Amino acid sequence: MKELVESFNHIEVIEDLNSFININRKFEKWDNILKSIMFAIITELKITDKNKFKIVLNDYLNISKSLVSEKETKLINAIIQKYIDKYEINKK
């Protein structure tokens, strides 16, 4: 776990997320809850086997539904899908 935390490049992740966002409010201006959910999902995906990927993503989306609006949950899902496609996380 220590290696994962040390190798997690927040600046690179934020740049990627900003490139996926099609709204005027960049990631840095998001609510801390939204940012935390995004970082948690990305971190979890990096250590998750492909066969558990959908379970992990669905768990986080369900958690987000209790913390943020449905619109924000859909935004999280859309951006995470773009992140996955870019890095092919689900093709482990």
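1. Surface first. In this predicted model, the accessible surface of the protein comes to about 6,100 Å², and carbon and sulfur atoms account for 51% of that area. Of the 92 residues, 37% count as buried.

2. The overall layout is easy to follow. The secondary structure consists of 5 helices and 0 strands, giving the pattern α-α-α-α-α when read along the sequence. If you take the contacts between residues at least 6 apart in sequence, 62% of them join residues at least 24 apart.

3. Now to the inside. The largest nonpolar core has 25 residues, and the members that touch the most other members are Leu17, Phe27, Met38, Ile41, Ile76 and Ile80. Helices α2 (10-20), α3, α4 and α5 (70-87) each supply at least two residues of this core. The largest share, 7 residues, comes from α3. As a general matter, nonpolar side chains tend to be buried together in soluble globular proteins.

4. Ile76 is a good residue to click on while you look at the core. Which residues does Ile76 contact once its neighbours within four places in sequence are left aside? They are Leu34, Ile37, Met38, Ile41, Leu61, Ser64 and Val68. Two of these partners, Met38 and Ile41, are listed with Ile76 among the core residues that touch the most other members.

5. Lys35 deserves a second look. This lysine is found in helix α3 (residues 32-47). Is Lys35 buried or exposed? Lys35 counts as buried because its relative accessible area is 19%, and the cut-off for buried is under 20%. Not counting residues up to four places away in sequence, Lys35 touches Phe27, Glu28 and Trp30. Phe27 also appears among the core residues with the most contacts to other members.

6. Next, a nonpolar patch on the outside. Ile33, Ile63 and Leu67 make a nonpolar surface patch of about 250 Å². Ile63 sits in helix α4 (residues 53-67). With a relative accessible area of 43%, Ile63 is partly exposed, so it passes the requirement of over 30% for patch members.

7. The loop between α2 and α3 contains Asp31, which counts as partly exposed at 40% relative accessibility. A polar atom of the Asp31 side chain lies 2.8 Å from the backbone nitrogen of Ile33, and Ile33 is one of the residues of the nonpolar patch. Asp31 can also be placed against a part of the chain far along the sequence: its C-alpha atom and that of Val68 are separated by 9.8 Å, although the two residues are 37 apart along the chain. Val68, in turn, is one of the contacts of Ile76.

8. The loop between α3 and α4 offers another detail, at Thr48. Thr48 has 8% relative accessibility and therefore counts as buried. Where does the Thr48 side chain reach? It reaches the backbone oxygen of Glu44, at 2.5 Å.

9. On charges, how many salt bridges does the structure hold? It holds 1, in which the side chains of Lys74 and Glu70 meet at 3.3 Å, N to O. Because Lys74 and Glu70 are 4 residues apart in helix α5, about one helical turn separates them. Both residues are exposed.

10. Finally, Lys82. This residue is also found in helix α5, and at 33% relative accessibility it counts as partly exposed. Its C-alpha atom is 6.7 Å from that of Phe20, with their positions 62 residues apart along the chain. Helix α2 covers residues 10-20, so Phe20 falls within α2 by the DSSP assignment.

Technical notes:
Residues numbered from 1 in each chain as written. Predicted model: local features only at pLDDT ≥ 70, side-chain atom pairs only at ≥ 80, totals over all residues. Heavy atoms only, no water. Patch = residues over 30% accessible without salt bridge, like charges linked within 9 Å, V, L, I, M, F, W, Y side chains within 5 Å. Areas by Shrake-Rupley, 256 points an atom, 1.4 Å probe, with all protein chains shown as cover. Salt bridge = Lys/Arg side-chain N within 4 Å of Asp/Glu carboxyl O. Buried < 20%, exposed > 50% of the residue type's maximum accessible area, 1.4 Å probe, protein only. Contact = heavy atoms within 4.5 Å. Core = buried A, V, L, I, M, F, W, Y, C linked by side-chain atoms within 4.5 Å. Polar contact = N/O pair within 3.5 Å; in protein donor to acceptor, adjacent residues only side chain to side chain.
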